[in-house]
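Work through the exercises below with the sequence and the model open. Each task is followed by a solution in steps.

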Amino acid sequence: MKKEAIFAIQQLLATPKKIAIIPHRSPDGDAMGSTLALYHFLLKLNHQPTVIAPNDFPNFLAWLPASEKVMIYENNKEECTRNLYEVELVFLLDFNALQRTGEMEHVLNKLSAPMIMIDHHQKPDGFATYTYSDTSFGSTCEMLYNFISFLDQKELIDKTIATCIYTGIVTDSGSFRFPSTSGTTHRIVADLIDRGINNSEIHNLLFDNNSYNRLQLLGRALQNMKVLPQYKTTYISLSQKDLDEFQYEKGDTEGVVNYGLTIKGIHFAAIFIEHRDENIIKISFRSQGNFDVNQFARDYFNGGGHINAAGGKSYESMGETIKKFERLLAKITI
């Protein structure tokens, strides 16, 4: 981040302000970890921060410190909109295009308050007043740790802030197995452990706290997996009927797409999930090696993300969406 921008942000934060902190729609561990870490950090600087999420977050993140204070725009549009119009500064974390906030985009576009974006996704839009964007980082939480360091406030990172930061790092790095995990990532985590986090407990809360229905849904997903060895590809489909049968809750399909990549010889995996209430098929893509699923999602499925991890959506039926996907596989090189 440029010195001029850091200085300007230091000046903005020099006096107490009412501040909004915004994650992307359907926030994951990195989005919630970074926004709540920043929330606790700004409290220490005597600001009045509020985290406003476009919609609800998964239950497996509800243990995060101050998660109960997060305002959900989808559930209370009037109050959230009123709050947004009153803020003096806006932080936008873990996304780089306002459309990633869903309906909130219309409100955010009208705000006059300065905006600060911290994000690691490719091809950021130029909407923010100050931008800290770097695709080499595996998580926004890792960048937030650096951001706090840029402000010369690293001594304020206590166990609570460190816990939130660690949550985003461990989830977005696939428990440190994704290629974006670097030596710096591990050095940051070492510092977070030294600051008192219980990394073993956090891992259990995130990954070992399954419901019976979630495991049954995972079983159905694996039963539905199709393997296309000629394309080095697998895909999973879950219908609304599948979700209803196992009483789906937000977050229950988190990480399921990664199972496809554990098959020998497979370099591209996808999952298609039907959500009839939104008339949409939600899609996640994962890859190994050089195949760019970010570009694939952008070109064909109204999405985007990272080179090896991206998301998209389709407004066609499940059948038509999968037919389109299979047709595309015959045209690309994986």
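The axes of helix H6 (residues 159–172) and helix H8 (residues 199–207) come within 11 Å of each other, crossing at roughly 60°. The model is a predicted one.

**Exercise 1. Classify the packing of H6 against H8 and state which residues make the contact.**

Step 1. Take the crossing angle of roughly 60°. Angles of 65 to 115 degrees count as roughly perpendicular and those under 35 degrees as roughly parallel. H6 and H8 are therefore oblique to each other.

Step 2. Add the hand: the crossing of H6 past H8 is right-handed.

Step 3. List the contact residues. H6 supplies Thr163, Tyr166, Thr167, Val170 and Thr171, while H8 supplies Asn199, Ile202, Leu206 and Phe207.

Step 4. Sort them by class. The contact of H6 with H8 has five nonpolar and four polar residues, and no charged residues.

**Exercise 2. Give the strand order of the sheet and explain why one side of E3 and of E6 is left without a neighbour.**

Step 1. Recall how strands associate. Strands of a sheet pair through backbone hydrogen bonds, in a parallel or an antiparallel way.

Step 2. Write down the order. The open sheet has six strands, arranged E3-E2-E1-E4-E5-E6, with parallel pairing.

Step 3. Look at the edges. Strand E3 (71–72) and strand E6 (130–133) each have a single partner strand, so one side of each lacks a neighbour in the sheet.

Step 4. Check the E3 edge. Strand E2 (residues 48–53) runs parallel to E3 and is joined to it by two bridges. Within this pair, Ala53 stands opposite Ile72.

Step 5. Check the E6 edge. E5 and E6 are parallel and joined by four bridges. Here Asp119 stands opposite Ser133.

**Exercise 3. Determine how E5 is paired with E4 and which way its residues point.**

Step 1. Count the bridges. E4 and E5 pair in the parallel sense over four bridges, and the bridge partner of Val90 in E5 is Met115.

Step 2. Separate the two faces. Met115, Met117 and Asp119 point one way from E5, and Ile116 and Ile118 point the other way.

Step 3. Assess the cover. Five of the five residues of E5 are buried, and the strand is mostly covered.

**Exercise 4. Place helix H5 relative to the sheet and decide whether H5 is enclosed or open.**

Step 1. Locate the helix. H5 (residues 140–150) lies across strand E4 (89–93), strand E5 (115–119) and E6, and runs at about 125° to E5.

Step 2. Apply the cut-off for burial, under 20% relative accessible area. In H5 this picks out Thr140, Cys141, Glu142, Met143, Leu144, Tyr145, Asn146, Phe147 and Ile148.

Step 3. Conclude. Nine of the 11 residues of H5 are buried, so H5 is largely enclosed by the rest of the structure.

Step 4. Continue past the helix end. Just after H5, Asp152 has a positive phi of about 60°.

**Exercise 5. Compare the settings of Asn46 and Ser175: which loop holds each, and is each buried or exposed?**

Step 1. Start with the backbone. Neither is a glycine, yet phi is positive, about 70° for Asn46 and about 55° for Ser175.

Step 2. Assign the loops. Asn46 lies between helix H2 (29–44) and E2, whereas Ser175 lies between H6 and helix H7 (183–194).

Step 3. Apply the accessibility classes. Asn46 has a relative accessible area of 58% and is exposed. Ser175, at 30%, counts as partly exposed.

Key
Residues numbered from 1 in each chain as written. Predicted model: local features only at pLDDT ≥ 70, side-chain atom pairs only at ≥ 80, totals over all residues. Heavy atoms only, no water. Pairing = 2+ DSSP bridges. Contact = heavy atoms within 4.5 Å. Axes fitted to C-alpha atoms, helices over the stretch in contact; angles between N-to-C directions. Parallel < 35°, antiparallel > 145°, perpendicular 65-115°, else oblique. Left-handed = near helix turned anticlockwise from the far one by under 90°. Nonpolar A, V, L, I, M, F, W, Y, C, P; charged D, E, K, R; others polar. Buried < 20%, exposed > 50% of the residue type's maximum accessible area, 1.4 Å probe, protein only.
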